[in-house]
Amino acid sequence: MPTRLLLLSDTHVPVRARALPDQVWRAVDAADVVVHAGDWVSVDLLDALEDRAARLVGVAGNNDGPDLHARLPEVARTTVDGLRLAVVHETGGKEGRERRADVAFPDVDLLVFGHSHIPWDTTSPGGLRLLNPGSPTDRRRQPVGTFLTAVVEGGALRDVELVPVPR
C-alpha cells in the first residue's frame, strides 16, 4: 500500500501567518507521514502537528528558538516504505548543492530541506532526490505559497506534486 507524504517547511507561525491555512491542515489529515524542514517558530505549531499528523518527522530551523531546538534535531533520518529519507533545514547556496548533498548524505534516497522559501526539485549526480517544498505561509518572491505532496511505494518516490496555496 502506498505511503502518502506531505512536505512542509518555513511555516513561521505565528510570525508570518497566524495559523496554517485550512488547505494545509486538510493535507495533514490526508498524509501518512508529514515532514517539516524547520522554521516552525512556535512550539504550539509543533504540538498541533504532533497531535494531528499520523506520523511527523521534523527538524529545527535557524528561526526556531531554544524550546524547539530542545525537541527537534538539526538532521532527521528515517525510512518510509523502504525509502531512505533525511531532513535538514539548510543546505547552503544553490550552486553546488547537489554535489554537497551527495557527500553529506551518501546513504539517503531523498533529502527534504527548506530555508529559502523557494521550491526546489532536483536529482544529484549520485541519484539523491532533493526537494524543498517552499513555504505555505511566507511566499517571499514566489507568486503563491507552496507545499509538496508525494507517494512512496516499495522504496520508490513518485507523484511529487507542488501544491499552490493561494492567499
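**Exercise 1. The open sheet**

Task: In this predicted model, find the order of the 5 strands in the open sheet and work out which strands stand at its edges.

Solution:
- Start with the order, which reads β3-β2-β1-β9-β10, with mixed pairing.
- Now look at the two ends: β3 (56-58) and β10 (156-165) each have a single partner strand, so one side of each is left without a neighbour in the sheet.
- From one strand to the next, the twist averages 20°.
- Zoom in on one pair: β1 (residues 3-8) and β9 (residues 145-153) run antiparallel to each other and share 5 bridges.
- To place yourself in this pair, find Arg4, which sits opposite Val151 in β9.

**Exercise 2. A helix across the sheet**

Task: Which strands does helix α1 lie across, and at what angle does it run to β1?

Solution:
- Locate α1 at residues 22-30.
- The strands beneath your cursor should be β1, β2 (33-36), β9 and β10, since α1 lies across these.
- Compare directions next: α1 runs at about 145° to β1.

**Exercise 3. Two sides of α2**

Task: Sort residues of helix α2 into buried and exposed, and explain how the buried ones are arranged.

Solution:
- Take residues 43-52 and pick out the buried ones: Val43, Leu45, Leu46 and Leu49.
- Look down the helix axis: these buried residues fall within an arc of 160°, so they line one face of α2.
- Turn to the other side, where Asp44 and Asp51 are exposed.
- Then ask what covers the buried residues; the cover includes α1, β2, β3 and α3 (66-71).
- Finish at the start of α2: a side-chain oxygen of Ser42 comes to within 3.0 Å of the backbone nitrogen of Asp44.

**Exercise 4. Backbone oddities in loops**

Task: Find the cis peptide bond, then examine the phi values of Asp10 and His117 and decide whether each of these two residues is buried or exposed.

Solution:
- The cis bond joins Val13 and Pro14, with omega about 10°. Pro14 belongs to the loop between β1 and α1.
- Asp10 is found in the loop between β1 and α1. Its phi is near 50°, a positive value in a residue other than glycine.
- For burial, apply the cut-off of under 20% relative accessible area. Asp10, at 0% relative accessibility, therefore counts as buried.
- His117 lies in the loop between β6 (110-112) and β7 (120-123). This residue is not a glycine, yet its phi is positive, at about 65°.
- With a relative accessible area of 1%, His117 is buried.

Definitions and conventions
Residues are numbered from 1 along each chain as its sequence is written. This is a predicted model: local features need pLDDT of at least 70, side-chain atom pairs count only at pLDDT 80 or more; totals for chains, interfaces and linings use all residues. Side-chain values use heavy atoms; hydrogens and water are left out. Two strands pair if DSSP finds at least two bridges between them. Helices (H or I, at least four residues) and strands (E, at least two) are DSSP runs, numbered from the N terminus. Axes are lines fitted to C-alpha atoms, for helices over the stretch in contact, and angles run from 0 to 180 degrees between N-to-C directions. Contact means heavy atoms within 4.5 Å. Buried means under 20% relative accessible area, exposed over 50%, partly exposed in between (1.4 Å probe, protein chains only). The arc is that of the directions from the helix axis to the C-beta atoms. A polar contact is a pair of N or O atoms within 3.5 Å; within protein, one must be able to donate a hydrogen and the other to accept it, and residues adjacent in sequence count only if both atoms are side-chain atoms.
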